[in-house]
Amino acid sequence: MNFRNFAALLIAMPLINTAYAQQAQTSFKFDFGPGKIASGYTQVLPTMLYSKDTAFGFDQGTVPVGTDRGGKDALKSDFVSSDKPFYFSVRVPEGNYKVSVTFGDAKEATVSTIKAESRRLMVYHQVTKPGQFLTKTFIVKSMDKKISNGTMVAARPKLDWDDRLSLEFD
């Protein structure tokens, strides 16, 4: 089995309690891969790299491969995958986020592990059979370095304590 796909990613922050967060986008629907785009979703191609301008994309210099199997279901007919870990980040205000990821492939078995922020294990060794799709949902706490009194946390640069929610797909 290869490290395989995630076809759809939903990120939503149910409770917002800061003025900044009330103005920033806190709900996202991403459809990964080069095929048809599901209604109401934002397409993410493997070439889309994270930047402050786009506010989402593949991060840490990783670039997965996109596959389009064709078919009627836009969320399940295409995906991104890699035989090496890859990262996807979304700029968000600090908070708790409900994240849903759809796994699977119409033609091949898949195996996936997801870590959030700085290697927090969210989904371990999720296996799907050919033609099987399933969605896993988990909560991720995203934090930034700013403290309400204006000071900053002295943290080493890594995949947490920044302005984005980062997921590692293994």
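**Exercise 1. Place the salt bridge between Arg119 and Glu168 in the fold, and say how exposed each partner is.**

Step 1. Arg119 and Glu168 form a salt bridge, with their closest N and O atoms 3.7 Å apart. The term requires a side-chain nitrogen of Lys or Arg within 4 Å of a carboxyl oxygen of Asp or Glu. The model is predicted: local features need pLDDT of at least 70, side-chain atom pairs count only at pLDDT 80 or more, and totals for chains, interfaces and linings use all residues. Residues are numbered from 1 along each chain as its sequence is written, and side-chain values use heavy atoms, with hydrogens and water left out.

Step 2. Arg119 lies in the loop between β10 and β11 (120–128), and Glu168 lies in strand β13, so the pair ties together parts 49 residues apart in sequence. Strands (E, at least two residues) and helices (H or I, at least four) are DSSP runs, numbered from the N terminus.

Step 3. Arg119 is exposed, at 55% relative accessible area. Glu168 is buried, at 6%. The cut-offs are under 20% for buried and over 50% for exposed, with partly exposed in between (1.4 Å probe, protein chains only).

**Exercise 2. Which acidic residues form salt bridges with Arg69?**

Step 1. Start with the total: the whole structure holds six salt bridges.

Step 2. Asp105 meets Arg69 at 2.7 Å, N to O. Asp105 sits in the loop between β9 (95–104) and β10 (110–116). Arg69 sits in the loop between β6 and β7 (78–81), and the two residues are 36 apart.

Step 3. Glu108 also bridges to Arg69, with the closest N and O atoms 3.5 Å apart. Glu108 belongs to the loop between β9 and β10, so this pair ties together parts that are 39 residues apart in sequence.

Step 4. Now add exposure. Asp105 is buried, at 0%. Arg69 is partly exposed, at 24%. Glu108 is partly exposed, at 31%.

Step 5. One general point: side chains of opposite charge can pair when their charged atoms come close.

**Exercise 3. Describe the surroundings of Ser89, and say whether this residue is buried or exposed.**

Step 1. Ser89 is found in strand β8 (residues 86–91). Its relative accessibility is 0%, so Ser89 counts as buried.

Step 2. The Ser89 side chain makes a polar contact with the side chain of Asp59, at 2.7 Å. A second polar contact, of 2.7 Å, joins the side chains of Ser89 and Ser166. Such a contact is a pair of N or O atoms within 3.5 Å; within protein, one must be able to donate a hydrogen and the other to accept it, and residues adjacent in sequence count only if both atoms are side-chain atoms.

Step 3. List the neighbours. Leaving out residues up to four places away in sequence, Ser89 touches Tyr50, Ala55, Phe56, Gly57, Asp59, Arg164, Leu165 and Ser166. Contact means heavy atoms within 4.5 Å.

Step 4. Follow Asp59 outward. Asp59, Asp163 and Arg164 are linked in a network of salt bridges.

**Exercise 4. Which residues do ring pairs link into a cluster, and how are two of the pairs arranged?**

Step 1. There are ten aromatic pairs in the structure. Rings of Phe, Tyr and Trp (its six-membered ring) pair if their centres lie within 6.5 Å; planes under 30 degrees apart count as stacked, over 60 as edge-to-face and the rest as tilted.

Step 2. Take Phe30 and Phe56. Their ring centres are 4.9 Å apart and their planes stand at 50°, so the pair is tilted. Phe30 lies in strand β3 (residues 27–32) and Phe56 in strand β5, 26 residues apart. Phe30 is buried at 1%, and Phe56 is buried at 16%.

Step 3. Take Phe86 and Phe169. Their ring centres are 5.4 Å apart and their planes stand at 15°, so this pair is stacked. Phe86 is in strand β8 and Phe169 in strand β13 (residues 164–169), so the pair ties together parts 83 residues apart in sequence. Phe86 and Phe169 are buried.

Step 4. Assemble the cluster. Ring pairs link Phe28, Phe30, Phe32, Phe56, Phe58, Phe86, Phe88 and Phe169.

**Exercise 5. Summarise the chain: how many helices and strands are there?**

Step 1. The chain has one helix and 13 strands. Along the sequence, the pattern reads β-β-α-β-β-β-β-β-β-β-β-β-β-β.

Step 2. Of its 170 residues, 48% count as buried.

Step 3. Among contacts between residues at least 6 apart in sequence, 64% join residues at least 24 apart.
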